[in-house]
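Reader: I am new to this structure and should like to understand the terms used to describe it. Please set each value beside the rule that it must satisfy.

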Amino acid sequence: MPKTPQTSSGIPVDLVYNAESLKGFDAAAQLGEPGAYPFTRGIQPTMYRGRLWTMRQYAGMGDAEESNRRYKFLLAHGTKGLSVAFDLPTQIGYDSDSPYALGEVGKVGVAIDSIEDMERLFDGIRLDGISTSMTINATASILLALYVAVAKRQAAEVKRLNGTIQNDILKEYIARGTYIYPVEHAMRLVTDIFAWAASEVPEWNTISISGYHMREAGCTAVQEVAFTLADGMTYVQAALDAGLDVDAIAGRLSFFFNSHNNLLEEVAKFRAARRMWARIMKEHFGAKSPRSWMLRFHTQTAGSTLTAQQPENNIVRTTLQALAAVLGGTQSLHTNGFDEALALPTEQAARTALRTQQILAHESGVVQTVDPLAGSYYVESLTDEIERRAEEYMKTIAGFERSSSSKEGGGKYGMLRAIEQGYVQREIQNAAYAYQRAVDEKDAIVVGVNEFTSDEVAVPIQRIDEALEARQVERVRALRARRDSGVHAAALRGVEDAARGGENLMPRIVNAVESCATVGEIANTLRDVFGEYRESVVV
């Protein structure tokens, strides 16, 4: 007998779905209307009829000048928002001349050491006229401060700055690894950003709670929903414990999801996450504002599904994934270049990825009506089942707090305990292992990899100039030599004093970057106070 087909989350798929599949389904409670609670059908009444999603292309390579050229290329071809990739030293708080940065400067993103680099990165681009997303976590406070400082130098209206910092440190401990500080200090930086940004950059999204990287590490669609929303609850609770009002911060929370190949499961995943978050915010946290109930999210197509074999096939994969995000109601979308299994994307690959979004927006017809799959027996059944299974995970996570001897009570920080004890990491590892076995045994077919293979055809790839690292090292050293050492030293002492006390760190960090303190110097000042996180082995 053939095996029963399953989604990527292991949900069995029936041959036919009908009214019996939705027995007990309450359309008013579970669907509602677009733009109305529980937002299953989308957060705006008109969705893409009123405004298309923001078309982003994630980019950053080498130094600031090289990345600036790519941004201007993308803007000239119709990108509506910038999305900045930083190199590994910038992400973990080391300057380009640090021994820990050797060989990594500019390799997986742009090297940013100082306010001068940030100015070069956005040269000729008005920051109050563009939406910018920055994929940065452990050093998010510093990079946001740099962005604001450059906006001031442009005489831009800071309160009108629009964009997002990822600032999701919990998933770094789970799946990605670019953490610096112990969890409690890292969470303080997150909530300091929440509080400061509410008054200083009120239109800025202060966090992008990310399931994307957990999915890239191998979790299923169900796990992505559960773990992402559990992280979100942890951030909201931390903000409340820091004395912030839920409705004051909830409207600036955003989410970041992956979009994979199983088209209808991905659509159902987005719809289930939106409905669950609305209920969490309204019923669990008691938020009063409808905006606080909305799950606003950015989507990126799945880098882990891209293959080095037959890379042109990745254009088809990316198109399917982008279509799922649009049908699922995303607010913002990045489409991967077809060559990204080999290197950073070339201009041609980036343009093709952008054109994919533009064709969906202007030629496919899927944007003409809101939530076009609503009422589908299969999609509604799958949405319900993803929600049910995700809630089971979240109940398990909440139980970690109740079973621990931690001083925090009431199940408030179950996700922190679950991370500390390796539960989330093990679940992701097990899912990744199960998928790899399915590929190895051809239970899961990957076209061009384990079936339908052919001789390889070489494609042009992006290469980073090896001389760039030396130039960047020279720049940061020259900056140190000419800055006002007294002003710089006083600014770093201010960061240290705030870190040792209870003062919000953001004003001190802004002052430090304006005094030409570098990313590494500020991060090291905080290391001296907070210490560094050491990962536990998960088996």
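**Cavities, charges and backbone**

Reader: Which residues lie nearest the centre of the second largest cavity, and how many residues line it?

Author: The lining comprises 13 residues, and N137, A138, I169, A186 and L189 lie nearest the centre. The model is a predicted one, in which local features need pLDDT of at least 70 and side-chain atom pairs count only at pLDDT 80 or more, while totals for chains, interfaces and linings use all residues. Residues are numbered from 1 along each chain as its sequence is written, and side-chain values use heavy atoms, with hydrogens and water left out.

Reader: What makes a space a cavity, and what makes a residue part of its lining?

Author: On a 1 Å grid over the protein atoms alone, a cavity is a set of points where a 1.4 Å probe fits but cannot get out, and a lining residue has an atom within 4 Å of a point. By this rule there are five cavities of 30 Å³ or more. The volume, meaning the space filled by probe spheres set on grid points joined across faces, edges and corners, is about 80 Å³ for the second largest cavity and about 100 Å³ for the largest cavity.

Reader: Which helices each supply at least two residues to the lining of the second largest cavity?

Author: They are α5 (140-153) and α7 (183-200), helices here being DSSP runs of H or I with at least four residues, and strands runs of E with at least two, numbered from the N terminus. The most comes from α7, with four residues.

Reader: How do the linings of these two cavities divide by class?

Author: The lining of the second largest cavity has 10 nonpolar, three polar and no charged residues. That of the largest cavity has eight nonpolar, four polar and three charged residues; among its 15 lining residues, Y48, V326, V370, D371 and P372 lie nearest the centre. Here Ala, Val, Leu, Ile, Met, Phe, Trp, Tyr, Cys and Pro count as nonpolar, Asp, Glu, Lys and Arg as charged, and the others, Gly among them, as polar.

Reader: What makes the contact of R215 with E224 a salt bridge?

Author: A salt bridge requires a side-chain nitrogen of Lys or Arg within 4 Å of a carboxyl oxygen of Asp or Glu. The closest N and O atoms of R215 and E224 are 2.9 Å apart, and the pair forms a salt bridge. The whole structure holds 40 salt bridges, and a network of them links D95, D97, R477, R480, R483 and E521.

Reader: Why is R215 called buried?

Author: Buried means under 20% relative accessible area, exposed over 50%, and partly exposed in between, with a 1.4 Å probe and protein chains only. R215 has a value of 2% and therefore counts as buried; its partner E224, at 0%, is buried as well.

Reader: How do the two partners R527 and E532 stand against those limits?

Author: R527 has a relative accessible area of 10%, so this residue is buried, whereas E532, at 35%, is partly exposed. Their closest N and O atoms are 3.0 Å apart, and they form a salt bridge.

Reader: Why are R417 and E420 separated by about one helical turn?

Author: Both belong to helix α16 (residues 414-420) and are three residues apart, which means about one helical turn between them. Their side chains meet in a salt bridge at 3.1 Å, N to O.

Reader: What makes M47 and N167 noteworthy in their phi values?

Author: Most residues other than glycine have a negative phi, and most peptide bonds are trans. M47 is not a glycine, yet its phi is positive, at about 45°; N167, also other than glycine, has a phi near 55°. M47 lies in the loop between α1 and β1, and N167 in the loop between β4 (162-165) and α6 (170-176). Both are buried, M47 with a relative accessible area of 7% and N167 with 2%.

Reader: Which residues does the cis peptide bond join?

Author: The bond joins Y37 and P38, with omega about 5°. P38 is in the loop between α1 (27-30) and β1 (54-59).

Reader: How do you know that β1 and β2 pair?

Author: Two strands pair if DSSP finds at least two bridges between them. β1 and β2 have four bridges, in the parallel sense, and thus pair; Q57 stands opposite L82 in β2.

Methods:
1 Å grid on protein atoms, 1.4 Å probe; cavity = no way out; pocket = protein on both sides within 12 Å on 5 of 7 lines; lining within 4 Å.
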